[in-house]
Amino acid sequence: RELTPAQGIRSGTVNGNVAGNNYDKYASTNPIEQRMMSGFFDALDRMLADLTPSTVVEVGAGEGRVTERLVERFPDATVIGLDLVDEELAGDWAELGLPMFFGDATRLPFTDDSIDLVVGLEVMEHIPGPEAALREIARVCRGTVVLSVPREPIWRAGNMARGRYLGDLGNTPGHVNHWSARAYRDFVESEFDVRDARRPLPWTMVRATPRQPA
């Protein structure tokens with residue numbers, strides 16, 4: 001399994017995975033969204049506290065904003081961002097000078113038990129059959145995972161309050177899975193032992209470790 005350097009076009013689906021929308025919430029200038037993202041990153045910082053990984057992979061890296069933070073937080077680690085094929089994202093990644101590659105969350109291009117920290121923020125909601133992606137993350141992870149998804153229906157209500165996606169009752173394009181906070185924790189616990197869970201409005205974020213064989 002070889003990593004594919006960033007080149008090409010992303011639209012629709014790749015191997016059934018829904019690409020979703022291109023809205024960069026991390027760079028929003030909306031004061032409400034900025035406050036939400038501040039809470040999101042505060043929760044992320046708490047999830048990453050006390051970790052000293054040598055290898056880090058962000059699955060579903062998007063524009064690379066989180067990957068950039070991971071590089072800054074773990075300067076001695078090898079940090080790799082991974083996402084579906086997308087020409088626009090390739091340009092974003094090149095501008096940031098980040099080690100980013102194209103790949104599929106359901107077929108990660110890494111060997112078993114090879115990654116100390118796997119981060120997957122705002123990705124599982126885009127993947128039909130997310131169980132396959134979770135199994136792949138469990139396969140490659142030997143240390144810690146930090147995963148987050150929007151918390152429904154709060155997410156959709158927030159979209160509608162801002163006048164977004166009204167025709168779809170606030171459902172963000174590409175969101176094919178919807179979890180409550182409890183349901184998402186249960187989902188992650190199907191492959192991992194959850195060590196911490198936080199709810200920065202309107203997300204659910206968990207930190208977990210691979211389940212040890214009985």
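Two strands count as paired here if DSSP finds at least two bridges between them. In this predicted model, strand 7 (residues 115-121) and strand 8 (residues 141-150) meet that condition, with six bridges joining them in the parallel sense. One of the contacts in this ladder links Ile 115 to its bridge partner in strand 8, Cys 141. Between the two strands the chain passes through helix 4 (residues 130-140), and the resulting β-α-β crossover is right-handed.

Strand 8 also pairs with strand 10 (residues 203-210), here antiparallel and again over six bridges. In that pairing, Pro 150 has Trp 203 of strand 10 as its bridge partner. Strand 8 is mostly covered, since eight of its 10 residues are buried. In a regular strand the side chains alternate between the two faces of the sheet.

These elements belong to a protein chain with six helices and 10 strands. Of its 214 residues, 50% are buried. Among contacts with a separation of 6 or more, 69% are between residues 24 or more positions apart. The accessible surface of the chain is about 10,200 Å², and carbon and sulfur atoms account for 49% of that area.

Helix 6 (residues 181-188) is the next element to consider. Its residues Ala 181, Tyr 184, Phe 187 and Val 188 are buried. Viewed down the helix axis, the buried residues of helix 6 fall within an arc of 120°, so they line one face of the helix. They pack against helix 4, strand 8, strand 9 (192-198) and strand 10.

Two of those helix 6 residues reappear in the nonpolar interior. The largest nonpolar core has 29 residues, and Met 124, Tyr 184 and Val 188 have the most contacts inside it. At least two residues of this core come from each of strand 4 (55-59), strand 5 (78-83), strand 7, helix 4, strand 8, helix 6, strand 9 and strand 10. Helix 4 gives the most, with five residues.

Which residues does Met 124 contact, leaving aside its neighbours within four places in sequence? They include Pro 130, Ala 133, Leu 134 and Ile 137, together with Val 149, Asn 177 and Trp 179. Tyr 184 and Phe 187 are also in contact with Met 124, and both are among the buried residues of helix 6. Apart from the largest core lies another of 20 residues, including Ala 43, Leu 51, Leu 70 and Val 146.

Note on methods:
Residues are numbered from 1 along each chain as its sequence is written. This is a predicted model: local features need pLDDT of at least 70, side-chain atom pairs count only at pLDDT 80 or more; totals for chains, interfaces and linings use all residues. Side-chain values use heavy atoms; hydrogens and water are left out. Buried means under 20% relative accessible area, exposed over 50%, partly exposed in between (1.4 Å probe, protein chains only). Helices (H or I, at least four residues) and strands (E, at least two) are DSSP runs, numbered from the N terminus. A crossover is right-handed if, with the strands pointing away from the viewer, the path from the first strand over the helix to the second runs clockwise. Contact means heavy atoms within 4.5 Å. Accessible areas come from the Shrake-Rupley method with a 1.4 Å probe; for residues, only the protein chains shown count as cover. The arc is that of the directions from the helix axis to the C-beta atoms. A nonpolar core is a set of buried Ala, Val, Leu, Ile, Met, Phe, Trp, Tyr and Cys residues joined through side-chain atoms within 4.5 Å.
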